[in-house]
Amino acid sequence: MTKDDFWGYSLKTKIFFGTGSLKKIGEILKSENVKRITIVCGKSIEKTDIIRKLIKNIKKTKTKYVIFNKVEPNPKVTICVEASKIAREFNSEYILGIGGGSALDTAKASAATCTNNVDLEDIIKNNIPLKNEALPIIAIPTTSGTASEINKFSVLTSSAGKKIVLRDEKIIPKFAIIDPMLTVSCPKRTTAAAGLDTISHAIESYWSKKANPLTKLFCIESMKISNKWLEKAYKDGGNIKAREEMSKASLYAGLGFSNTGTTDVHKLSYTLTEKFGLEHGFACAIFLPEYVKFNEKGNNKTLKEIAQAFGERNAKELAKRLMQIMRNVNAPTSLREIGAKEKDVEFIVNEGYSENKRNNPRNITKKQLREIIRKIM
Ligand SMILES: [Fe+2]
């Protein structure tokens with residue numbers, strides 16, 4: 001039996017998608033009979049129309065709320081603990097995360113510590129599953145990229161400054177409201193980085209060893225949409241159609257990688273975010289063109305299918321198209337551009353190389369990885 005003969009797929013989140021769907025929050029709170037909720041967000045979003053609209057809709061219900069607005073990019077575990085304390089003191093029954101990936105990841109981790117008396121760093125390090133379900137989560141993304149609103153991952157920063165990932169089915173949001181209108185005010189650089197994160201999710205999930213026919217279906221469609229719309233959304237943030245399409249691309253890629261995980265490209269990306277503060281999506285995309293060429297060997301058919309989704313014929317052409325997209329959205333295409341020096345090659349190799357649980361379609365040695373990184377310098 002091949003892996004394609006027997007596979008499973010899981011989705012725990014009820015998704016509301018569409019322009020104007022933010023108002024669905026009232027319906028959710030009423031149907032779930034939520035009396036008290038903690039809203040987790042960043043400072044910059046708190047003063048925007050998005051939060052005003054959200055609060056207006058919550059006020060139409062009987063739900064009482066408190067706002068925790070201390071989320072920052074690359075959220076630290078300590079911030080999650082703080083959010084969790086506020087939520088517990090308020091006797092929250094639900095956590096609502098609104099914002100980019102950092103806000104949603106903070107909401108998810110804090111929901112976990114509301115119901116589990118654990119040290120997050122400790123359970124992540126030792127791969128200990130959560131005992132209890134997290135507080136139920138409503139996730140409302142304001143960027144199109146992370147798909148954190150439907151998955152089991154919460155990417156955090158440890159006290160030592162390392163990227164660590166809480167992976168647990170118990171933190172999957174119960175509801176996701178994906179309203180493309182919320183992404184219209186997303187700055188250009190964030191639009192670019194989030195869009196490239198979407199492309200990385202779709203490609204990595206598609207070639208992942210855990211891919212199945214359903215995840216592939218979502219990912220191929222995601223790639224086609226990003227190929228057509230990311231540059232347009234970047235050029236004109238007010239292009240609602242482009243925003244809607246990129247929200248869709250992000251969700252579809254999420255429906256893929258939520259079930260397959262990502263591969264080497266994501267693992268490597270963390271080294272660049274840790275050391276150079278590079279945005280997650282840019283940190284992933286920078287490895288993609290070379291990985292596309294590397295992974296072709298032994299996976300000809302898969303790479304051809306991915307290339308075709310981008311309107312190309314093979315891995316070489318696909319790599320060129322990816323570079324073109326990256327240039328068109330002003331993303332860095334070399335490690336020097338982000339300030340890396342020759343000595344950093346070894347850092348990236350050592351920190352980014354994963355010995356076990358490899359999900360990449362082609363096995364790679366440290367020597368081969370070093371060669372790839374040199375090419376990206
Ligand atoms: Fe990602």
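This report walks through the two domains, the shared core, a central strand and a few helices of a predicted model.

**Two domains and a shared core**

Let us start with the overall layout. The chain splits into domain 1 (14-182) and domain 2 (186-376), and the C-alpha centres of these two domains are 26 Å apart. Across the boundary, 18 residues of domain 1 are in contact with 23 residues of domain 2. On the domain 1 side of that contact, 5 residues are nonpolar, 10 are polar and 3 are charged.

The largest nonpolar core holds 110 residues, and Val 40 and Leu 96 touch the most other members. Helix H7 supplies the largest share of this core, with 9 residues. Both domain 1 (14-182) and domain 2 (186-376) give residues to the core, so it lies between them. As background, nonpolar side chains in soluble globular proteins tend to be buried together.

Val 40 is a good residue to click on first. Leaving aside residues up to four places away in sequence, Val 40 touches Phe 68, Val 71, Ala 83, Ile 95, Leu 96, Gly 97, Ala 103, Thr 106, Ala 107 and Ser 110.

**Strand E5 and its neighbours**

How many residues of strand E5 (residues 137-141) are buried? The count is 5 of the 5, so the strand is largely enclosed by the rest of the structure. Ile 137, Ala 139 and Pro 141 point one way from E5, while Ile 138 and Ile 140 point the other way, and all are buried. This fits a general pattern: side chains in a regular strand alternate between the two faces of the sheet.

E5 has parallel pairings with strand E4 and strand E8, set out here.

| Strand paired with E5 | Bridges | Sense | A bridge pair |
|---|---|---|---|
| E4 (residues 94-99) | 5 bridges | parallel | Gly 97 and Ala 139 |
| E8 (residues 175-178) | 2 bridges | parallel | Phe 175 and Ile 138 |

Gly 97, the bridge partner of Ala 139 in E5, also appears among the residues that Val 40 touches.

**Helices H12 and H13**

Now for domain 2 and a pair of helices that help cover each other. H12 (288-295) is mostly covered, with 6 of its 8 residues buried. Those buried residues are Leu 288, Pro 289, Tyr 291, Val 292, Phe 294 and Asn 295. The cover over them includes H7, helix H10 (264-276), helix H11 (280-285), H13, H14 and helix H16 (366-376).

In helix H13 (residues 300-309), the buried residues include Leu 303, Ile 306, Ala 307 and Ala 309. Viewed down the axis of H13, its buried residues fall within an arc of 155°, so they line one face of the helix. Asn 300 and Lys 301, on the other side of H13, are exposed. Among the elements covering the buried residues of H13 are helix H7 (188-207), helix H8 (213-235), helix H12 (288-295) and helix H14 (315-328). After H13 comes Gly 311, with a positive phi near 75°.

**A buried loop residue**

Is Ala 340, in the loop between H14 and helix H15 (344-352), buried or exposed? Ala 340 has 23 other C-beta atoms within 10 Å; 20 or more count as buried, so Ala 340 is buried. Apart from residues up to four places away in sequence, Ala 340 touches Phe 276, Leu 335 and Met 377. Cys 219 is 121 residues from Ala 340 in sequence, and their C-alpha atoms are 32 Å apart in space.

Note on methods
Residues are numbered from 1 along each chain as its sequence is written. This is a predicted model: local features need pLDDT of at least 70, side-chain atom pairs count only at pLDDT 80 or more; totals for chains, interfaces and linings use all residues. A residue is buried if 20 or more other C-beta atoms lie within 10 Å of its own, exposed if 12 or fewer, and partly exposed in between; C-beta atoms are placed from the backbone. Helices (H or I, at least four residues) and strands (E, at least two) are DSSP runs, numbered from the N terminus. The arc is that of the directions from the helix axis to the C-beta atoms. Two residues are in contact if their C-beta atoms, placed from the backbone, lie within 7 Å. Domain bounds come from an automatic or database domain assignment. Ala, Val, Leu, Ile, Met, Phe, Trp, Tyr, Cys and Pro count as nonpolar, Asp, Glu, Lys and Arg as charged, and the others, Gly among them, as polar. A nonpolar core is a set of buried Ala, Val, Leu, Ile, Met, Phe, Trp, Tyr and Cys residues joined through C-beta atoms within 7 Å. Two strands pair if DSSP finds at least two bridges between them.
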